[in-house]
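Let's take a walk through this structure together, starting from one residue and working outwards. Keep the viewer open as you read.

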Amino acid sequence: MASSRAPLPFGFGCAALGGDRSRKRTACVDAMARWRERRRAGPLEMGLNNSVHFGLGEPAGKTQPGPEYFLEPAYSGGTWRHLSCYVPGRQPASPSPMASVSAVLLQRSSSRAREYLRLQRTAARTVALHLEGRAWWWWCGGSSRRTEARTAHGMAGSGEEKNGGVAAVTGGVEDAYGEDRATEDQPVTPWSVCVASGHSLLRDPRHNKGLSFTEKERDAHYLRGLLPPVVLSQDLQEKRLLQNVRQFQVPLQRYMALMDLQERNERLFYKLMMDNVEELLPVVYTPTVGEACQKYGSIFRRPQGLYISLKEKGRILEVLRNWPEKSIQVIVVTDGERILGLGDLGCQGMGIPVGKLALYTALGGVRPSACLPITIDVGTNNEELLKDEFYIGLRQRRATGQEYSELLDEFMAAVRQNYGQKVLVQFEDFANHNAFTLLEKYRENHLVFNDDIQGTAAVVLAGLIASLKSVGGTLADHTFLFFGAGEAGTGIAELVALAISRQSNVSVDEARKKIWLVDSKGLVVRSREETLQPYKKRYAHEHEPVKDLLGAVKAIRPSALIGSAGVGRSFTKEVIEAMSSINEKPIILALSNPTSQSECTAEEAYSWSQGRVIFGSGSPFDPVKYNEKLFVPAQANNAYIFPGFGLGVVIAGAIRVTDDMILAAAEGLAEQVTPEHIDKGLIYPPFSIIRKISANIAARVAAKAYDIGLASQLPRPKDLVKYTESCMYSPVYRSYR
């Protein structure tokens, strides 16, 4: 079929089972057994926890069901062709003229979809089921007229009905599903069999188009009366929603409005994001997402990902199978211990995976259905959250040591078993003591990526390479001082050392001599080696101890100062003036998020350096005017890297992530910076062309994966950039037949 057309979405089975057909089949077999037991006890009354019977081609007068089967729709050639029959304990069989099928209960919404699944009452106990020319029969059984199809579908009855010789008045609204008759302790089964039409279609975010449904689509999918008569284009919908979002003055309100849109109309959400990325990126992600995570318990409306807690230990594979999508390509997972610069937010860190994956789609073109956000809840050490009555996570102190390690081991093994070895697992906002350990532990046997370590490193390296277009020289000609020696700082340092090694043909150990670190105790030097964490020791050079950042700047005389410590306003006027006295064009990157944790503001950097600084930040800042010249601060946002990087890994079918692939992503970003960008003070290209940037980064990453033999998607495309662009998700509405 043409790409502009889509088959009608068709949900089938037990709603509680999340779309897993094998589990539905098991549930149906169990339902059959319950039905047989109840049938021996006497006539059945239709309720939500009862079964009904189907037969293919049976005459209207048939009164007994044949062998029990399970129905499953078969899809081929762009349309639903038939319903396949499954006999418990046997192989699937083709539709047979004398097959009887049981254990399926239809929801009343399916009766609206008569073009695809037509239901008609033809006799007291039989309903004809028509699916594209095939006649199926629904046999209800039992002597009570409540078992008739009209009752099972919630059709209003009228007149009198005799039950055991006693006349009962019918009419009005019947309790068709037995919900009102059920007590609180009586379990019911939420069966759902429906074509996405009518009210259910409007509540399906993946297929809902709101007021953009055409007149023909409204007739075909039973939407008449459910929508106002006007038909709007997607562009006009986007314009209206953008106006609504702009009316909110509080960033958190804008965030909530966009999340509501994502849950209501997926394609419109991503189109709005793609067309207004520079305006909405700070709303969907940093800095607003930080506040959203802090208040996640209060603003929580519906789950947007999977929550795996210590309660699920030993059952993580089962939890993963509860997610309705099976073709997962990218997972973003956090344990919430170090959310941005805000610390331990526990289970409320879910806002980070959700936001990251929204950017994977909007900026990188990865399909939304292929993305899975996960929060691993092992407790929290945040006393304020533990006392918060609205906190949504486990109310206990964080698990550590063996208990934590075993849970992560089980999680990684379950991911591989359920989704295969080509699903990218991105670790996000783990604390330093776990981030490095997990990356080193799993990178050899799993496809893993840590955005805080590797993603941040790639985007900063790209900024440094681009800065050299203005400063001159190569990386090896400059000295780099890092304020902050955590996972971000040391991750950047390692990638810079690797780049210097590749460019200068020297060892990585030799390249590390150009890099210095400052942590909370001062300059990292050899005399402190016994008290240093392992990842810091490789940067402990011979030097006299220095206690503060200003002293380190004066002693080391770096070309570039890079902040990732999360200590707000640590780049003081004295520090920036010292950098400006050492360098004609000092490179200063204040990378900490959110804005309150930034080492300095853009205005401070430009004014204190007399407009000579090459500046980049982790959080967005407004343009700054200094001496009649307008400077546009560059945002060193990881969103430049991880969406394109993830897309490149996916399209190549990579089975591992290597440092060379990270380096390729950084170089791919740096080459997008033009002389015109440099003249404006930009060391990164504008986000308005982020899809083009992501496509080029993805192509570079995929090319490296093919070059080093880690790509499994064969044969290799001749033009990787064009192939990448063809694979990217488009949010434009599809036409429904």
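Is leucine 310 buried or exposed? Bear in mind as you look that this is a predicted model. Leucine 310 has a relative accessible area of 14%, and the cut-off for buried is under 20%, so this leucine counts as buried.

To find the residue, look at the loop that runs between strand E13 (306–309) and helix H11 (316–321). Leaving aside residues up to four places away in sequence, leucine 310 touches Asp377, Val378, Leu394, Gln396, Ala399, Glu403 and Leu407. Take one of these partners, leucine 407: in sequence leucine 310 and leucine 407 are 97 residues apart, yet their C-alpha atoms lie 7.4 Å from each other in space.

How does that fit with the chain as a whole? Of the contacts in the protein chain with a separation of 6 or more, 70% are between residues 24 or more positions apart. Burial can be put in the same setting: 57% of the 737 residues in the protein chain are buried. The secondary structure comes to 27 helices and 27 strands.

Now turn to some of those strands. Seven of them form an open sheet with mixed pairing, in the order E20-E19-E18-E21-E22-E23-E26. Strand E20 (522–523) and strand E26 (634–635) stand at the edges, and each has a single partner strand, so one side of each has no neighbour in the sheet. Within the sheet, you can follow strand E22 (residues 587–590) alongside strand E23 (residues 614–617): the two pair in the parallel sense, over four bridges. A handy place to see this is isoleucine 588, which stands opposite phenylalanine 615 in E23.

Finally, let's look at a pair of helices. Two packed helices are described by the angle between their axes and by the distance between those axes. For helix H26 (residues 690–707) and helix H27 (residues 720–727), the axes come within 9 Å and cross at roughly 120 degrees. H26 and H27 are therefore oblique to each other, and H26 passes H27 in a right-handed crossing.

Which residues in H26 and H27 meet? From H26 come Ala695, Asn696, Ala698, Ala699, Ala702, Ala703 and Tyr706, and they meet Leu720, Val721, Thr724 and Glu725 in H27. The residues of this contact of H26 with H27 divide into eight nonpolar, two polar and one charged.

Note on methods: Residues are numbered from 1 along each chain as its sequence is written. This is a predicted model: local features need pLDDT of at least 70, side-chain atom pairs count only at pLDDT 80 or more; totals for chains, interfaces and linings use all residues. Side-chain values use heavy atoms; hydrogens and water are left out. Axes are lines fitted to C-alpha atoms, for helices over the stretch in contact, and angles run from 0 to 180 degrees between N-to-C directions. Angles under 35 degrees count as roughly parallel, over 145 as roughly antiparallel, 65 to 115 as roughly perpendicular and the rest as oblique. A crossing is left-handed if the near helix is turned anticlockwise from the far one by less than a right angle, and right-handed if clockwise. Contact means heavy atoms within 4.5 Å. Ala, Val, Leu, Ile, Met, Phe, Trp, Tyr, Cys and Pro count as nonpolar, Asp, Glu, Lys and Arg as charged, and the others, Gly among them, as polar. Buried means under 20% relative accessible area, exposed over 50%, partly exposed in between (1.4 Å probe, protein chains only). Two strands pair if DSSP finds at least two bridges between them.
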